[in-house]
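Visitor: Please take a close look at one part of this model, and then set that part in the context of the rest of the chain. I would value a connected account rather than a list.

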Amino acid sequence: MPSHTFVLNGRPVTVDAPDDMPLLWVLRDRLGVTGPKYGCGVGVCRACTSHLDDAEFQPCTVSVKDCAGRRVTTIEGLADGEVLHPVQEAWLECDVAQCGFCQPGQIMTAVALLRRNPAPTDADIDQIQNICRCGTYPRIREAIKRAAAAG
């Protein structure tokens with residue numbers, strides 16, 4: 001079985017897995033990282049959204065071999081120790097989560113949006129394609145705006 005080495009949440013990891021195994025399964029089943037959720041397996045629902053070299057991506061659609069030597073960040077790597085990321089803080093302050101299933105992906109997408117655009121408009125936020133079956137979109141918008149205002 002091939003070995004694959006990449007940086008996960010700031011730490012180098014090596015994992016034995018088939019080249020074509022989706023990174024999501026490597027994260028969840030081989031490395032015990034459960035923040036990215038399986039929703040659809042084709043990158044549509046975006047429940048698994050994480051960051052690859054600081055850009056958002058869906059690990060359900062990327063093979064582990066394509067991550068060799070790269071940086072993967074999941075929701076588990078977003079906080080700085082006990083200090084939450086400003087987007088995570090805003091999520092709590094705005095009471096965004098209901099069931100919570102999609103929230104790691106939502107947060108990772110919001111962080112990527114704010115990196116690209118530190119002052120997003122409603123139209124910019126509306127471009128987010130993550131699906132929330134609980135319909136917390138108004139609170140997601142409020143949390144993104146709060147995090148943007150906090151800088």
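Guide: V42 is exposed, since its relative accessible area of 56% lies over the 50% cut-off. In this predicted model, V42 sits in the loop between α1 and β3, and, once neighbours within four places in sequence are set aside, V42 is in contact with C60 and T61. V42 also contributes to a nonpolar surface patch of about 360 Å², which is made together with V44, I131 and Y137. Of these partners, Y137 belongs to helix α5, which covers residues 137–150, and Y137 is partly exposed, with a relative accessible area of 40%. As for A123, the C-alpha atoms of V42 and A123 are 25 Å apart in space, while 81 residues separate the two in sequence.

The loop that holds V42 runs between α1 and β3, and each of these two elements deserves a description. Helix α1 spans residues 23–30, and its buried residues are L23, L24, V26 and L27. An α-helix has 3.6 residues a turn, so residues three or four places apart point the same way. The cover over the buried residues of α1 includes the strands β1 (3–8), β2 (11–16), β4 (55–57) and β5 (71–73). Just after α1, G32 adopts a positive phi of about 70 degrees.

At the other end of the loop, strand β3 comprises residues 50–52 and contains H51. In contrast to the exposed V42, H51 is buried, with a relative accessible area of 1%. The side chain of H51 makes a polar contact of 3.1 Å with the side chain of R115. Beyond its neighbours within four places in sequence, H51 has contacts that include E56, F57, V72, M108 and V111.

One of those contacts, E56, takes part in a salt bridge with R116, at 3.4 Å from N to O. This pair links distant parts of the chain, with E56 in strand β4 and R116 in helix α3 (residues 103–116), 60 residues apart. E56 counts as partly exposed at 23% relative accessibility, whereas R116 is exposed, with a relative accessible area of 55%.

Helix α5, which contributes Y137 to the patch, is also joined to helix α4 through charged side chains. D122 and K145 form a salt bridge at 2.4 Å, N to O; because D122 lies in helix α4 (residues 122–126) and K145 in helix α5, the pair ties together parts that are 23 residues apart in sequence. A further salt bridge brings together the side chains of D126 and R141 at 2.6 Å, N to O, and this pair likewise ties α4 to α5, across 15 residues of sequence. D126 is partly exposed, with a relative accessible area of 47%, and R141 counts as partly exposed at 23% relative accessibility. D122, D126, R141 and K145 are linked in a network of salt bridges, and a search of the whole structure finds 10 salt bridges.

Seen as a whole, the chain has five helices and five strands, arranged along the sequence in the pattern β-β-α-β-β-β-α-α-α-α. Its radius of gyration is 15 Å, close to the 15 Å that the globule rule gives for 151 residues, so the chain is as compact as a globular protein of that length. Buried residues make up 42% of the 151 residues.

Methods
Residues numbered from 1 in each chain as written. Predicted model: local features only at pLDDT ≥ 70, side-chain atom pairs only at ≥ 80, totals over all residues. Heavy atoms only, no water. Buried < 20%, exposed > 50% of the residue type's maximum accessible area, 1.4 Å probe, protein only. Helix = DSSP H or I, 4+ residues; strand = E, 2+ residues; numbered from the N terminus. Contact = heavy atoms within 4.5 Å. Patch = residues over 30% accessible without salt bridge, like charges linked within 9 Å, V, L, I, M, F, W, Y side chains within 5 Å. Areas by Shrake-Rupley, 256 points an atom, 1.4 Å probe, with all protein chains shown as cover. Salt bridge = Lys/Arg side-chain N within 4 Å of Asp/Glu carboxyl O. Rg over C-alpha atoms; globule rule 2.2 N^0.38 Å. Polar contact = N/O pair within 3.5 Å; in protein donor to acceptor, adjacent residues only side chain to side chain.
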